[in-house]
Structures are given as C-alpha cells and as structure tokens.
Amino acid sequence: MSVNNYIPKEPVSIDCNVEKTLNVIGGKWAFLVLRELFCEKKRFGELQRCIPSVSPRALTSTLRHLEEHGVLERHVYPTVPVTVEYSLTPKGIDLHQILKEMKLWAAKWT
C-alpha cells in the first residue's frame, strides 16, 4: 500500500468506564460540590459559602451537570422566596468511596 492511497479509517470508539466517570465528576467544581453534599443537603447559598472561589454561574452550571447525570437532586419548596435544596442521589452517594480513595492516593503521592 502506497502512502498516496492511504485513506484514514473512522475513529474507533471504545467504551471506557473511567472516562465515563470522569465525564460526570471531572468538572473543575464537581469534586468540591460533592464533598459538601456528602455531609448533608445544602442550599445554593450554603454551597457558595463553602466554596468561596466558585462563581454563581460556575456553581449553577456544575449543579445542572450533576443533576443531568443523576448524581444529585434539586428539591424546590414553595416558600416565599422559593427555597431550593440539593442532595445526593444513591448514584451520587456511591461516588463517596471513589473520592475517598483518590484523597488517600493524593495524600500518599503528592
């Protein structure tokens, strides 16, 4: 086969479970949001106070992303003004052990 006749093949898509996990929790703020929600449910303002370097826009985006992936739930209460709380789903709670292991690895090697 000559170089001039080379036709590139379509990229091969290989399912990688680690990549899938990182697509869900790999955002810049996701780890910090999860860390806060492992302890208890929190309102938006509480999350913002716990993670002071996150902008409201970035926090909103992170919360929506995690909600779309079924990691957290958004509970809206019909109060004036409206109260919104975020809590982890069973899928989100399952991430706790993974993040604990990552923390242990970082403590050992970084």
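This report covers confidence, salt bridges, a helix contact and selected residues in a predicted model.

## Model and confidence

The model is predicted. Its mean pLDDT is 91. Of the residues, 94% score at least 70.

Confidence varies among the elements. It is lowest in helix H1, residues 17–25, where the mean is 89. It is highest in strand E1, residues 42–43, at 98.

## Salt bridges

Four salt bridges occur in the structure. Side chains of opposite charge can pair when their charged atoms come close. One of the four joins Arg-35 to Glu-36, with the closest N and O atoms 2.8 Å apart. Another pairs Lys-42 with Glu-36, at 3.5 Å from N to O. Glu-40 also bridges to Lys-42, and here the closest N and O atoms are 3.9 Å apart. That pair counts as a salt bridge because 3.9 Å falls within the 4 Å cut-off.

These pairs join up. Arg-35, Glu-36, Glu-40 and Lys-42 form a network of salt bridges. Glu-36 takes part through Arg-35 and through Lys-42. Lys-42 takes part through Glu-36 and through Glu-40.

## Exposure across the network

Which members of the network are buried, and which are partly exposed? Glu-36 is buried, with a relative accessible area of 11%. Lys-42 is buried too, at 7%. Both count as buried because 11% and 7% are under the 20% limit.

The other two members are partly exposed. Arg-35 has a relative accessibility of 43%. Glu-40 has a relative accessible area of 49%. Glu-40 counts as partly exposed, not exposed, because 49% is not over 50%.

## Surroundings of Glu-36

Glu-36 sits in helix H2, which spans residues 30–39. Leaving out residues up to four places away in sequence, Glu-36 touches Lys-42, Leu-47, Cys-50 and Ile-51. Lys-42 in this list is also a salt-bridge partner of Glu-36.

Lys-9 lies elsewhere. It is 27 residues from Glu-36 in sequence. In space, their C-alpha atoms are 45 Å apart.

## Helix H2 against helix H4

How do H2 and H4 cross? The axes of H2 and helix H4, residues 56–68, come within 10 Å and cross at roughly 75 degrees. The two helices are therefore roughly perpendicular to each other. H2 contributes Ala-30, Val-33 and Leu-34 to the contact. H4 contributes Leu-59, Thr-62, Leu-63 and Leu-66.

The residues of this contact divide into six nonpolar, one polar and no charged. Thr-62, from H4, is the polar one because Thr is not among the types counted as nonpolar or charged.

## Strand E2 and the cis peptide

Tyr-77 belongs to strand E2. Its relative accessibility is 33%, which counts as partly exposed. Beyond its neighbours within four places in sequence, Tyr-77 contacts Lys-41, Val-82, Thr-83 and Glu-85. Tyr-77 and Leu-88 are 11 residues apart along the chain, and their C-alpha atoms are separated by 17 Å.

Where is Pro-81 found? Pro-81 is in the loop between strand E2 (72–77) and strand E3 (83–88). A cis peptide bond joins Val-80 to Pro-81. Its omega is about -10 degrees.

## Helices H5 and H6

Pro-90 is in helix H5, residues 90–93. At 65% relative accessibility, Pro-90 is exposed. Pro-90 and Val-71 are 19 residues apart along the chain. Their C-alpha atoms are separated by 7.6 Å.

Lys-100 is in helix H6, residues 95–109. It counts as partly exposed, at 41% relative accessibility. Lys-100 and Arg-35 are 65 residues apart in sequence, yet their C-alpha atoms are 9.8 Å apart in space. Arg-35 is itself a member of the salt-bridge network.

Methods: Residues are numbered from 1 along each chain as its sequence is written. This is a predicted model: local features need pLDDT of at least 70, side-chain atom pairs count only at pLDDT 80 or more; totals for chains, interfaces and linings use all residues. Side-chain values use heavy atoms; hydrogens and water are left out. A salt bridge is a side-chain nitrogen of Lys or Arg within 4 Å of a carboxyl oxygen of Asp or Glu. Buried means under 20% relative accessible area, exposed over 50%, partly exposed in between (1.4 Å probe, protein chains only). pLDDT is the predictor's confidence in each residue, from 0 to 100. Helices (H or I, at least four residues) and strands (E, at least two) are DSSP runs, numbered from the N terminus. Contact means heavy atoms within 4.5 Å. Axes are lines fitted to C-alpha atoms, for helices over the stretch in contact, and angles run from 0 to 180 degrees between N-to-C directions. Angles under 35 degrees count as roughly parallel, over 145 as roughly antiparallel, 65 to 115 as roughly perpendicular and the rest as oblique.
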